[in-house]
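Reader: I'd like to go through this model with you and ask what stands behind each label. Could we put it on the screen before we start?

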Amino acid sequence: MTSNSPNHDAGPVGLIRPEQGQISPLTPQQQKALTTRRRFLQATVGGSLAAIGVAFAFPVLALKAITQYSDVLTDGDVIGDAGSDTALDVATFAVNTGAYSGILGKSTQVKQNQLEVVRIAETGTADDFRAYSQICTHLGCAVLPTLNEQNNIHCPCHGSVFSSEDGSVIKGPAARALPSLPVALDDQGRLVVAGEYSGEV
Ligand code: FES
């Protein structure tokens, strides 16, 4: 190519007249066509991004709603044997014992539904029972279902001990009480949820 050869890479089509080597302004028709193409591309890209956002957002929001509102415990929920569909048998639940429990009909994947139920007395009232979160407030291990020799709740990971009467810390490293959940007996004698956790689970 000589120095007089036309430069076909000099710029956008319509701006350069290669044979003349100079920039030529677009005609009004060309400007209008260019503007229309730009708007079309902007609308197409914007619409695609919005569609992708909606496609991802709806399943996530729906899943979140199901998890938050269908499976989180509420007042009157029946406390049941973990892994079964039967209510906790309060009549045979011995004093100074503990057991993992859940909420009938609600997912055990929701951490608020993972309970440790303890019986501390035998008066025949709901006050005999305590329900706690299973999740240790130290680093999140599950506390043991059975009570230790002093009838308190023990975490196997780092040795924290919680009072079976009120969930308070007897021995660290946990620094915060095990969240407790108020319970009551319903008209069928089943142990049910009767309030909110005393702290964050
Ligand atoms: S997680 Fe329970 S003591 Fe550390």
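**Contacts, confidence and layout**

Author: Let's start with contacts: of those in the chain between residues at least 6 apart in sequence, 41% join residues at least 24 apart. Keep in mind that this is a predicted model.

Reader: What is the mean pLDDT of the chain, and what share of its residues reach 70 or more?

Author: The mean is 80, and 66% of the residues get to 70 or more. Residues 1-18 have pLDDT below 50, and that stretch has 14 contacts in the model beyond near neighbours in sequence. Residues 65-69 are also below 50, with one such contact. Where pLDDT is low, the predicted coordinates shouldn't be read in detail.

Reader: How many helices and strands are there in the chain?

Author: One helix and 12 strands. Along the sequence the pattern reads β-β-α-β-β-β-β-β-β-β-β-β-β.

**The five-strand sheet**

Reader: What is the order of the five strands in the open sheet, and which are the edge strands?

Author: The order is β3-β4-β5-β6-β10, with antiparallel pairing. The edges are β3 (79-81) and β10 (180-181), each of which pairs on one side only.

Reader: How do you know that β4 and β5 pair?

Author: Pairing takes at least two bridges. Strands β4 (residues 97-103) and β5 (residues 115-119) are joined by five and run antiparallel, so they count as paired. You can trace some of these on screen: G98 faces V118, and Y100 has E116 as its bridge partner. On to β6: β5 pairs with β6 over five bridges, again antiparallel, and there L115 is matched with S133.

Reader: Why is β5 called largely enclosed?

Author: Because five of its five residues are buried. To earn that label, a residue needs 20 or more other C-beta atoms within 10 Å of its own. L115, V117 and R119 point one way from the strand, E116 and V118 point the other way, and all are buried. In a regular strand, side chains alternate between the two faces of the sheet.

**The core**

Reader: What makes a set of residues a nonpolar core, and how many residues has the largest one?

Author: The members have to be buried, come from a list of nonpolar residue types, and be joined through C-beta atoms within 7 Å. The largest such set here has 22 residues, and those with the most contacts inside it are I79, A131, I153 and V183. β5, β6 (129-133) and β12 (191-193) each supply at least two residues of this core. In soluble globular proteins, nonpolar side chains tend to be buried together.

Reader: Which residues does V183 touch?

Author: Leaving out residues up to four places away in sequence, V183 touches I79, A126, F129, A131, L191, V192, V193 and A194. Over the chain as a whole, buried residues make up 20% of the 201 residues.

**The three-strand sheet**

Reader: Why do β7 and β9 stand at the edges?

Author: The sheet has the order β7-β8-β9 and antiparallel pairing. β7 (153-154) and β9 (169-171) have a single partner strand each, so one side of each is left without a neighbour in the sheet.

Reader: What makes β7 and β8 a pair?

Author: The cut-off is at least two bridges. β7 and β8 (residues 161-162) have two, in the antiparallel sense, so they meet the cut-off. Within that pair, I153 stands opposite F162.

**Loops and the tail**

Reader: Why does E200 count as exposed?

Author: E200 has 8 C-beta neighbours inside 10 Å, and 12 or fewer means exposed, so the label fits. E200 sits in the segment after β12. From E200 to S133 it's 67 residues in sequence and 9.5 Å in space, C-alpha to C-alpha.

Reader: What makes N96 and N151 partly exposed?

Author: N96 has 14 other C-beta atoms within 10 Å and N151 has 16. Buried starts at 20 and exposed ends at 12, so both land in between. N96 is in the loop between β3 and β4, with phi near 60°, a positive value in a residue other than glycine. N151, in the loop between β6 and β7, has a positive phi of about 60° without being a glycine.

Reader: Which peptide bond is cis?

Author: The one from G172 to P173, with omega near 20°. P173 is in the loop between β9 and β10.

Notes. Residues numbered from 1 in each chain as written. Helix = DSSP H or I, 4+ residues; strand = E, 2+ residues; numbered from the N terminus. pLDDT = per-residue confidence, 0-100. Contact = placed C-beta atoms within 7 Å.
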